[in-house]
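Visitor: Please take me through one part of this model in detail, the N-terminal part. I would like the helix contact there and the strands around it in one connected account.

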Amino acid sequence: MALTLRVAGDRWRAHLRAVADAHPGIVPVVKGNGYGFGKASLARRSAWLGADTVAVGTYVEVADVLQRFDGDVMVMTPWRPPVRGEQIPYDPRVVHTVGRTNDLLAMGEDAPAGTRVVAEGLTSMARHGFDRHALADAAAALGRLRLQGFAVHLPMAGGRLDEAERWAAVLGASKLADRLETPTLYVSHLTDTELSGLGERRPGLTIRPRIGTALWLGDRGALRPTATVLDVHEVERGERVGYRQRAMPVAGHLVIVSGGTTHGIGLEAPTAASSLRQRATSIAKGGLEAAGLALSPYTIGGKQRWFAEPPHMQASMLLLPRSVPPPEVGAEVAVAVRFTTTTFDAVTLS
Ligand SMILES: *Cc1c(COP(=O)(O)O)cnc(C)c1O
């Protein structure tokens, strides 16, 4: 009776194993909604993969992951001075990210001696990190904090390998590098070819890729999101249904399926009638789009079906034309989701 992620267990595990084997030193990323699996599950799975470190997005994610993973937990959002009552987790297993000299100084006052940090370089991504001119000051501000390595977060497009290498060179030549026993660079979003290219150009550097999507979601064929048919009703053309009492443009069946706004269903930009021009085109063509319905992510009888009205909190109402035989109550139907914005009721491994 739920929105369920059905996972082909053997196939998924084999994929995880292959990605981990191909990326020695991999740091699995376990953040947000846990890529649809949940963070707790991915934390345990990272241990099963033999990872010694996982990366979380934010400080609020640390406690849960520490409980389920015995290794180090790297926080990718940079440290900032704590605000009103905020408790920074200074567990010895937490590795912090820093990107501003003032933060290093403040952290030196706030954190126990020996707290581990990685220094992030500001790439063309322009999100967080030290400007390369700030590295000398950063080295002077490190004090009794322990430097664990450098980090760079690269954009998804552009000349990433060159940029990663430039940063590797700049960081390696900086005074910060004197504080590292093993020069280590944590990188995000390099392809396998770029990773090996960087490794060849910088043989002295230990490169550790932080990977989320390509690891957890890299074999989509192993993942089958499904919804349950909760109810089916016959409708006449012109019959008014739903919260909005909208008149149905055709006769057929209403199919009530699990999955609503709570799960993240319908939160993507609707594909139908998004501009007046498109709307005009579809009116010319006729069809349900012209009636102002939006295409749903649910597939019944091999086709994506229309929402009868916008998704509810935990269920959605679909309109199935009369020509299509309706599914049975209790049947499962396929639903296309964006995994990073979907909260499943259940994840089952076969
Ligand atoms: C989210 C994130 C990652 C992982 O991204 P994927 O595209 O899921 O592999 C890596 N690095 C940083 C800094 C991130 O915020």
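Guide:
**The α1–α2 contact and its surroundings**

Helix α1, residues 9-22, and helix α2, residues 39-48, have axes that come within 11 Å and cross at roughly 60 degrees. The model is a predicted one. At that angle α1 and α2 are therefore oblique to each other, since the perpendicular class begins at 65 degrees. The crossing of α1 and α2 is right-handed.

On the α1 side, the contact is made by Trp12, Arg13, Leu16 and Arg17. On the α2 side, Leu42, Arg45 and Trp48 take part. Sorted by class, this contact of α1 with α2 has four nonpolar residues, three charged residues and no polar ones.

Trp12 also has an aromatic partner. A search of the whole structure finds three aromatic pairs, and one of them is formed by Trp12 and Phe37. Their rings are stacked, with 4.6 Å from centre to centre and 15 degrees between the planes. Trp12 lies in helix α1, whereas Phe37 sits in the loop between β2 and α2, so the pair ties together parts that are 25 residues apart in sequence. Trp12 thus appears both in the helix contact and in the stacked pair.

The loop that holds Phe37 leads back to β2. Strand β2 belongs to an open sheet of eight strands with parallel pairing. The order across that sheet is β2-β9-β8-β7-β6-β5-β4-β3. Its edge strands are β2 (27-28) and β3 (53-56), each of which pairs on one side only. For β2, the partner is strand β9, residues 206-211: the two run parallel and are joined by two bridges. Within this pairing, Pro28 stands opposite Ile211 of β9.

Strand β1, residues 4-7, has two pairings to report. With strand β18, residues 346-349, β1 runs parallel, and four bridges join them. Here Thr4 is placed opposite Ala346 of β18. With strand β10, residues 223-235, β1 pairs in the antiparallel sense, again over four bridges. In that pairing Val7 stands opposite Leu223 of β10.

Taken in sequence terms, β1 covers residues 4-7, α1 covers residues 9-22, β2 covers 27-28 and α2 covers residues 39-48. The two helices meet at an oblique angle, and the Trp12–Phe37 pair links α1 to the loop between β2 and α2.

Methods. Residues are numbered from 1 along each chain as its sequence is written. This is a predicted model: local features need pLDDT of at least 70, side-chain atom pairs count only at pLDDT 80 or more; totals for chains, interfaces and linings use all residues. Side-chain values use heavy atoms; hydrogens and water are left out. Two strands pair if DSSP finds at least two bridges between them. Axes are lines fitted to C-alpha atoms, for helices over the stretch in contact, and angles run from 0 to 180 degrees between N-to-C directions. Angles under 35 degrees count as roughly parallel, over 145 as roughly antiparallel, 65 to 115 as roughly perpendicular and the rest as oblique. A crossing is left-handed if the near helix is turned anticlockwise from the far one by less than a right angle, and right-handed if clockwise. Contact means heavy atoms within 4.5 Å. Ala, Val, Leu, Ile, Met, Phe, Trp, Tyr, Cys and Pro count as nonpolar, Asp, Glu, Lys and Arg as charged, and the others, Gly among them, as polar. Rings of Phe, Tyr and Trp (its six-membered ring) pair if their centres lie within 6.5 Å; planes under 30 degrees apart count as stacked, over 60 as edge-to-face and the rest as tilted.
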